[in-house]
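Visitor: Hi, I've got a structure to look at and I'm new to this. Can you walk me through its hollows and some of its packing?

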Amino acid sequence: MSAPPELPRTRAALREYGHVHRSVSAEVRENLLRLMGSGGPRFPGVLGFDSTVLPQVERALLAGHDLVLLGERGQGKTRLIRSLVGLLDEWSPAVAGCQVNDHPYAPVCPVCVRRSAEEGDRLPVVWRHRRERYGEKLGTPDTGVGELVGDVDPARLAEGRSLGDPETVHYGLVPRANRGVFCVNELPDLPARAQVALFNVLEERDLQVRGYSLRLPLDLLVVASANPEDYTSRGRIVTPLKDRFGAQVRTHYPLTLEDELALVRQEAVLPEGTAVPAHVWETAARFTRLVRASKRVDARSGVSVRFAVAAAETAAASALRRSALTGGEAPVARVCDLAAAVEPLLGKVEFELGTEGREPEVLHALLRRATAEAFRERLGGTDLSALVERFTGGATVESGDLVGAAELLRRVGAVPGLAAMIAGAAPESEDGPPTPGLAAAVVEFALEGLYLERRLSKDVLPGGGVYRF
């Protein structure tokens, strides 16, 4: 993204422009206070934390503290950290060609200090967008100090510079994020030596590179994420580093079904042309919450929101597959498509000991329970007696992930009260006439709910089943 052409391009022009130099903490504080006063979105895309996590984050930012977010996998820690970029100024000046993004008024790296003395107010200025002022590193056991902080650049030594010349330093990721936000994901996975290298960055705000006598006062906001199991039990974050973070904030999974649903709808990327009705979204969200609360699942590892997202995306993909195999009808996800997602989801769950070999059985049982809960919530008050009577006299209906919508509706026949069923299960469809795919999805949902409520029987088959009285 190119900076607006009217912005000044030299230090002299920057002074005439009236620009005021602020630290990153002051910049974030002022912008956060402005958004608070105007009621604008402060952390766009972050849902479910309004009354718990975000107030703590705001207090830390207003205090100018670095912070570490503790939470199990898939709780939105990285999304929250990345949203902090929106609290920076849209455009910020820097010395042109500087590796560490020095401010033109207060250069700190040896190269820019020398250039400032030589060029004076002719020092060239570039403008960096807020998105360019964010750096991120995933903590891994092979991360070295040189990657984070810096090391000697052999190419500059080859030019004839002396080993003690500070201009031979090649800066790492942290100093290159100077005057911005730097994130370390999975901080406990950094080796102890790399963690120690961050001591001075967090407290004294300077760098130590090998044997160089180099003090580089950095101006940045450091935010880290960690799993609390790593943080509190295995002790993989060295104690002095924990002490240098000004704030520790505990994240959590969505506290309400509504928040879970909103997150799943926001994050899921569906195949083009597919539709997921409201009752399928809700069943996927309820399924995730039941898996998370199950005693057969390791609560310490957690069950990510990505579990529900993957369930919805796989259900939509199953509907697309059915559409391609049965004649190209508009693909609409059904309950049977969620059942087809169970096997792919096994890799997202850590089970307790004693469950070996029965993992699919556990998830299928929880999915049936989630479907029953969604059925009671959406169709519990709907009169389905006419649908039940369809099965008197020994009639049966087979459904499954390879039974097309038109074929399923033909097998069921006329369904009195179908409009009321659709209004209850998928109210977002009321703007227009229901498609055959949506009607079939609601009918199958009703059949499965009646089976789970023991008002119908079902012979389970691979990919579906046969409903009977």
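Guide: We'll go through the pockets, then the cavities, then a pair of helices. Keep in mind that this is a predicted model.

Visitor: Okay, pockets. How much space lies in the largest pocket?

Guide: About 750 Å³. The lining has 32 residues. Closest to the centre are Gly74, Gln75, Gly76, Lys77 and Arg306.

Visitor: Which helix gives the most to that lining?

Guide: Helix α4, with 5 residues. α4 covers residues 77-83. α13 (257-267) and α15 each supply at least two residues as well.

Visitor: And how does the lining of the largest pocket divide by class?

Guide: There are 15 polar, 9 nonpolar and 8 charged residues.

Visitor: What about the second largest pocket, how much space is there?

Guide: About 460 Å³. It is lined by 23 residues, and the closest to its centre are Ala339, His364, Lys458, Val460 and Gly464.

Visitor: Where does the largest share of that lining come from?

Guide: From α18, which provides 4 residues. Other elements supply at least two residues each, including the strands β10 (396-400), β11 (457-461) and β12 (464-468). Helices α16 (335-339) and α22 do too.

Visitor: Same class question for the second largest pocket: how many nonpolar, polar and charged?

Guide: 10 nonpolar, 7 polar and 6 charged.

Visitor: Switching topic. How many cavities of 30 Å³ or more does a search find?

Guide: The whole structure has 3. The largest cavity has a volume of about 40 Å³.

Visitor: Which residues line the largest cavity?

Guide: Among them are Ala319, Arg322 and Ser323, along with Glu329, Pro331 and Gly437. Helix α15 (residues 305-326) gives the most, with 3 residues. You met α15 before, in the lining of the largest pocket.

Visitor: And the classes in that cavity lining?

Guide: 5 nonpolar, 3 charged and 2 polar.

Visitor: Now the helix pair. At what angle do α18 and α22 pack?

Guide: About 110°, with the axes 9 Å apart. That makes α18 roughly perpendicular to α22.

Visitor: Which residues meet there?

Guide: From α18, Arg368, Thr371 and Phe375 are among them. From α22, the list includes Phe445, Glu448 and Leu452. The contact of α18 with α22 divides into 8 nonpolar, 2 polar and 3 charged residues.

Visitor: Where do those two helices sit in the sequence?

Guide: α18 runs over residues 359-379, and α22 over residues 436-452. Both also help line the second largest pocket.

Notes. Residues numbered from 1 in each chain as written. Predicted model: local features only at pLDDT ≥ 70, side-chain atom pairs only at ≥ 80, totals over all residues. Heavy atoms only, no water. 1 Å grid on protein atoms, 1.4 Å probe; cavity = no way out; pocket = protein on both sides within 12 Å on 5 of 7 lines; lining within 4 Å. Points joined across faces, edges and corners; volume = space filled by probe spheres on them. Nonpolar A, V, L, I, M, F, W, Y, C, P; charged D, E, K, R; others polar. Axes fitted to C-alpha atoms, helices over the stretch in contact; angles between N-to-C directions. Parallel < 35°, antiparallel > 145°, perpendicular 65-115°, else oblique. Contact = heavy atoms within 4.5 Å.
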